[in-house]
Structure formats: structure tokens, C-alpha cells
Amino acid sequence: MTTLDIQAYRLSLPDTARPVLAGVDLTVGARETVALVGESGSGKSLTSRSVLGLLPAGARTEGTVRVNGEDVLTMAPEQLRRLRTSSAAMIFQDPRAAINPLRRIGDFLTESVRLNAGAAPAAATARAAEMLEAVGLTAAALRQYPGELSGGMLQRVMIAAALMGDPALILADEPTTALDVTTQAEVVALLGDLRTRFGTGLLFVTHDLGLAAAISDRVYVMYAGRIAETGPAEALFDRPRHPYTAALLNSTPRLEAPAGRLAAIEGRPPSLQEELVGCPFAPRCPLATFLCSQQAPALLPVAGEPARRVACHHSDRTGEGSVHA
Amino acid sequence: MSFLRFAARRLAEMAATLFGASFVIFGAMYLAPGNPASFLLSGRSASPEALKAINAQYHLDDPFVLQYLRWTGQILHGDFGRSITYRTDVSRLLADRLPSTLLLVGMALVLVVALGLLLGWIGAVRGGAADSTILVSTTFALGTPSFVAAVLLQGLFAVKLGWFPTGGTGDGLGQMIWHLTLPAVALALYLIGMLARVTRAAMLEVLGQEHVTVARSRGVSDHKVIRRHVFRNALGTVLTTGGLIVSTLLVCTVLVESAFSVGGIGQLLELSTTTKDFPTVQAISLIMVGLFMTVNLVVDLLHPLVDPRVTLGPRRSAA
């Protein structure tokens, strides 16, 4: 059974002209690491938060978001709490903002299992100490307040907290963005390590393509609330089939590339107040034709590469060099 | 800084402040127009001998500095002097009247804390119609000074409905509580509105913080998120306001006690001011200053318990 299975998921907010998420299909298998990449506002955080049923006020949804086969969108509050306690957990971007500064680390770690799973305080504390050691901290941190730990240590605490309920799925929403570079590397290494050790599936939300390539088995590229392209990380980054993926890769700074200006993607993503008729990327796309402005492309398998799918009318031309500067 | 060192330092500061305050209080009374002798004689022309006798009895002819030093020296021995109007020891007067004032302020404080927190909580968490109702009613409460509330409550519940006495203090705890209910409500009304507003705003601010979303994302139930995170984190602001509330209660009790003829310190202050009863006014003023400082000290000492990021003592340089 797939750990996370999102099918034709649409999410609309009040006072917007188009759905924020317009038919997202995404799966994460057991023990699989999947990266979800895209720019700010593409809907990637909203997608990951939906997995825990954390929807913005007034949101209307269609489709299914299944965790371990159960649809999150139709869950009763009680079921949702059980899901959040023991099936799926999220690691947030800024650990300093994500942990209540007035409560001890031990309280933060044990809170959810004590209050929901009815774990005895002693057992919960023992588990918390164990998890702290798993993320490279000591049980001494249990008595400390968040203000006494560094950002990197707090993100480890956050990861330990996510592991408390032994979840099948961990959602990491830009977990390294707020950290400095050396700490980022440690946290990424830790996440990879824990996946093999605890056997959890990991959905890694990031705007950092290099990070996505380094950590994930498969990648989803998201644009304007749709999946633009998906496939195994290596193949996708080697031979992007969607012009957006290609442009993103082109705008990523590289050490080995000659110095010079980075290729920025012209234009900006469509706002939520614009209705989208054709391909959402068409106005910024060098390959766009009349067809692109009229008809949204479906996410279809790539010929010869069954593991890959791309939503582009001209995916066969993407590799021709017209996009690569 | 250790708790003991902090407390010791603050006590020393308090002593210095009290000393300064005593000088200001004494000086103000000295400079104020009118003197007790003329009040005692209540406008009658007295023989120079009689005036002289009164002035000698209360040392009113001594130089200012001497009078001040005699007064502070007495206070250090626990003697606040003799009341000119009541012709008894001021400490006796205070001891008789302090319980009613403390009970009144205590009852009002309980009302303020219970209702203020409750209304603030409901307003922040429920929103909608409940919130609007609370906003409107707290606006009324905030617009009603305690002496106006006193007159209104007296008119409705004491005169018209007769549920409560119009004034007085009563004997025995039960009687006292019955007598002090209306004064306590009058005293509390404005502050309930204030605390409700402060609590509501503080809780709304915390509600928007990410750690609240995170707690929800971990399956903590809404009610527990509100209690353990939102309300808990709003407590710091509530505590700071609490200090202000107690101070305001002490000030407003003067007006309310007078309105309800409650035989407490506040009414005594009002009476002794109009009769130029210097020793009594001075003693009460000094006690008020002492109470204010004690309240502030208690708030400061409690703060680290409410917020671990607060440390006792002066700000540490770049920790």
C-alpha cells in the first residue's frame, strides 16, 4: 500500500479566480523519499499541509488525499487527531517559530503522545529521550527551554518530535531553509539516515533543486498548483522534459559553470486572481504555441520512460536546446 | 542572578523609594494650605493660648526638618502618630479599617480576574457574535468610571430592588461580604473590561503564531492547544496588566468606599484629607506607596515563572 496517495486533488479558496491546487496527483511509497519542488506560491506547502488536514479557512476540496489508505479529507476530527499523532508528522521550516518558547523541550516532544495516544508520562519521556539520541542530542535537552538551544539543535528536536508517534510518513516543509549551510547538510544527512533506520516515507518540500536531487528517489515539480513534471530524480534533472524544470535548473547557480549572470525565468507565476485557460507556464515559456494558450496539457507518461510523466504539449522538444541558454 | 540576591536588591530599592516618598508626602502636607489647628477650632476664633496649646501638642511650630525627622523616626518604631480628628493612634485607626479595604480589594480582584480572563478567552476563541457582544459590553465597562458605577449600582440593586445594603461595612465575614458586594462590583467593572480586552488581544496574537499550528498538526486537540499554548503564552501580558489592575484598585477604592460609606482605608483617606488630619493622610499615603511597590515586586518575581525567557535582575549584556 502506498503510504501517501494524492489523487486529482483540487483546493479552492474564497475570493480567488482559480483553484490554488488544480488536480494534484502524487504518491509516496513506504521508505521512499520524494521531493516536491517549486517556487513560492506554487502550492507545494499547501499540498503537504493538506496531508495532515491542515487546510486554510474556507478551503473547498475535491479528490482524495490518502494516508495508509484512509482519506484525510473526509476524516472526523477524532480520526484526524489519530492520524496526526501516529501516522504522519510534519517538520516545519523555522524551528524557532514552530516550538512554543515557554514550554520545555520534553513537554513539546511528549505532548502529542501523552495527550492523544494516552501514553504514560514516564514511557513518553523515555521515548522522547530515545528519539533525542536518535537525532544526535542528549536527554539533557528534555529539561531545557527552546531559547537555550541553537536553530540546528531545535530542528533536530523538531525531527525527534516527528518521530515520537512512529509515523509511516514524514512531511518536511522546507526543513533546512531557516538554517545555516553547515547545519542544513547535517539535517539533510540526518533525515536520510532516519529514513533507513525507521523506515518512514518522506515527502520533502523544497525550492532547492540541488537539495531535491541529493536527497530524493523521485521528484515532483509543481507550478501554479499543478504537477508540471515527475520522475526519478536523476533522470528528471539530467533530461528535464518540461520547459519549466529546464528553466529552473538553468537558474540554479553552479560552481562549475562559468561566472556570469544567472538565467532568470522571465515573467512571474500567475496570480490567484487570474483564470488559467491553457498551460499555466505558457506566458513564460520559450516553446509556447497557440495550443498552449488554449488547452491545458495533461500529465502524461513520457515515451520510452514509463516512470516519468510530464504535462507539456511540447515535451519532445524540451531537450532540443531551445530552452538551455 | 539568584532569587535571594534579586529580592534583597529590590528590598533595598524599595526602602530607598519609601524614604523618598515619605519626604514628598510630608513636604506636600506641609505646603498644603490650611492647618489642623484651624480645622479643630472649626473657624471659631481661639485664644492665642488655646492655639499655642494645640500647636505644641502636635509640634506644629517646629521647623520642617525637625517635624519630618520626628515623624520618620516614629514610623521606624511603628508609630504613625496620633490622629488629630479622631484623637487616637493612627495605627489603631488603620488596623480597624484595613480589613474592610483588603476584603473589598480582594473581592474586586477575584471578580476582575475571573470575569476578565473568561470574557477575554471567549472573545478570542469563539469570535463571531460572542466576540462582538463582549467587545460592546467591555467598551461600556471601560467607559464607566467606578464612582458612576457605584451610584448606578446603588440606585438599582440597593434602593430599587433592595437586594443589597446601600452602604456600611457590616460585622462578621458573611455580613461584610454582603455589604461589600456592590462596592466590589463597582470597583471591578472598569477593570474587568480592561483585562478582558488585554487577554483577548494577547490570545489573538498567540493564536496567529506558528507554534500553535504546529501543535494542531501534531494532533493536540483544539481545547488543549488553547489552554496549553495560547492562554499559557498570553499569561505574561496578563500578569503585567495584573500589577496595573491591583494598583488601580487601590486608587479607586478611595472613591468607591466613600460612595458606599465603607469604613475602610480609602474612606479614611478622603475624610482625613478634608479635615487636614496630617498624620492620618501621611500614614495612608505611605502605606499606599508601600502596597504599590509590593505589588510591582510580586509581579516581577512571578514573571520568570510565567516566561522562562525572563531572567531576574538587570539585562545581561549580549548573553
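**Domains, core and chain contact in a predicted model**

In this predicted model, the centres of domain 1 and domain 2 of chain A, taken over C-alpha atoms, are 28 Å apart.

Visitor: What makes these two stretches of chain A domains?

Guide: Their bounds come from an automatic or database domain assignment. That assignment gives 4–216 as domain 1 of chain A, and 222–254 + 263–320 as domain 2 of chain A.

Visitor: How many residues does the contact take from domain 1 of chain A and from domain 2 of chain A?

Guide: Domain 1 of chain A puts in 25 residues and domain 2 of chain A puts in 18 residues. A pair counts as a contact if the C-beta atoms lie within 7 Å.

Visitor: Which elements supply the domain 1 side?

Guide: At least two residues each come from β2 (21–28), β3 (33–37) and α8 (209–215) of chain A. The most, six residues, come from β2(A). By class, this side of domain 1 of chain A has 13 nonpolar, eight polar and four charged residues.

Visitor: Why is the largest nonpolar core said to lie between the two domains of chain A?

Guide: Because domain 1 (4–216) and domain 2 (222–254 + 263–320) of chain A both give residues to this core, it lies between them.

Visitor: Which residues of that core touch the most other members?

Guide: Among its 161 residues, they are Val157(A), Met158(A) and Leu203(A). Helix α8 (residues 172–207) of chain B makes the largest contribution to the core, 18 residues.

Visitor: What is Met158(A) in contact with, leaving aside its neighbours within four places in sequence?

Guide: Met158(A) is in contact with Ile91(A), Phe92(A), Pro95(A), Ala98(A) and Ile99(A). By the criterion for contact, each of these pairs has C-beta atoms within 7 Å.

Visitor: How many residues does each chain give to the contact between chain A and chain B?

Guide: Chain B gives 18 residues and chain A gives 21 residues. On the chain B side, α9 (210–217) and α10 (222–259) are the elements that give two or more residues. The largest share there, six residues, is from α9(B). The classes on this side are three nonpolar, eight polar and seven charged residues.

Visitor: Where does the name "transmembrane region" in chain B come from?

Guide: It comes from the UniProt annotation, an unreviewed entry, and covers several stretches of chain B, including 12–32 and 234–260. Such annotations may be inferred rather than shown by experiment.

Visitor: How much helix and strand do residues 12–32 of chain B have?

Guide: Residues 12–32 of chain B are 95% helix and 0% strand, with end C-alpha atoms 30 Å apart. For residues 234–260 of chain B, the values are 96% helix, 0% strand and 35 Å between the end C-alpha atoms.

Key. Residues numbered from 1 in each chain as written. Chains lettered and ligands numbered in written order. Predicted model: local features only at pLDDT ≥ 70, side-chain atom pairs only at ≥ 80, totals over all residues. Contact = placed C-beta atoms within 7 Å. Helix = DSSP H or I, 4+ residues; strand = E, 2+ residues; numbered from the N terminus. Nonpolar A, V, L, I, M, F, W, Y, C, P; charged D, E, K, R; others polar. Core = buried A, V, L, I, M, F, W, Y, C linked by C-beta atoms within 7 Å. Buried ≥ 20, exposed ≤ 12 C-beta atoms within 10 Å, placed from the backbone.
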